[in-house]
Amino acid sequence: MFSIFKADPKKRLQKQYEQLIAKAFQAQRNGDIRSYSLLTDQAEQIRLEIEALSEN
């Protein structure tokens with residue numbers, strides 16, 4: 001009955017994913033390749049979680 005008030009976990013993860021990609025892009029532009037690699041890896045893990053939720 002109150003399912004319209006529950007937050008969609010995919011939307012939350014998608015927002016986190018987009019923020020990490022943007023931070024990674026800025027790190028790469030600033031020449032900080034180590035941070036770029038770490039942020040890209042974190043974003044990849046979130047993308048996998050999104051895909052797992054989409055399969056269900």
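**Salt bridges and a two-sided helix**

Q: What makes the meeting of the R47 and E51 side chains a salt bridge?
A: In this predicted model, the R47 and E51 side chains come together at 2.3 Å, N to O. The cut-off is a Lys or Arg side-chain nitrogen within 4 Å of an Asp or Glu carboxyl oxygen, so the pair qualifies as a salt bridge. R47 and E51 are 4 residues apart in helix α2, which means about one helical turn separates them.

Q: What links E44, R47 and E51 into one network?
A: Shared partners: salt bridges with partners in common join E44, R47 and E51. R47 also meets E44, again at 2.3 Å, N to O, and that falls within the 4 Å limit. R47 and E44 sit 3 residues apart in α2, about one helical turn. The structure holds 2 salt bridges.

Q: Why is R47 called partly exposed?
A: Its relative accessible area is 27%. Buried needs under 20% and exposed needs over 50%, so R47 lands in between, as partly exposed. E44, with 31%, is partly exposed too, and so is E51, with 39%.

Q: Why is R29 called exposed?
A: R29, which belongs to helix α1, has a relative accessible area of 62%. Exposed means over 50%, so R29 makes the cut.

Q: How do you know that the span of α1 is close to the expected one?
A: Helix α1 runs over residues 9-29, 21 residues in all, and reaches 30 Å from its first C-alpha to its last. The yardstick is 1.5 Å times one less than the number of residues, which gives an expected 30 Å for α1, so the two agree closely.

Q: What puts the buried residues of α1 on the same side?
A: The buried residues in α1 are L13, L20, A24 and A27. They cover an arc of only 60 degrees around the axis, and that is why they share a side of α1. K11, K15 and R29 are exposed on the other side.

Q: What do the buried residues of α1 pack against?
A: They pack against α2, residues 33-55.

Q: What makes G31 worth a look after α1?
A: G31 follows α1 and has a positive phi, near 85 degrees.

Q: How far is R29 from K6, C-alpha to C-alpha?
A: The two C-alpha atoms are separated by 38 Å, with R29 and K6 23 residues apart along the chain.

Note on methods. Residues are numbered from 1 along each chain as its sequence is written. This is a predicted model: local features need pLDDT of at least 70, side-chain atom pairs count only at pLDDT 80 or more; totals for chains, interfaces and linings use all residues. Side-chain values use heavy atoms; hydrogens and water are left out. Helices (H or I, at least four residues) and strands (E, at least two) are DSSP runs, numbered from the N terminus. Buried means under 20% relative accessible area, exposed over 50%, partly exposed in between (1.4 Å probe, protein chains only). The arc is that of the directions from the helix axis to the C-beta atoms. Contact means heavy atoms within 4.5 Å.
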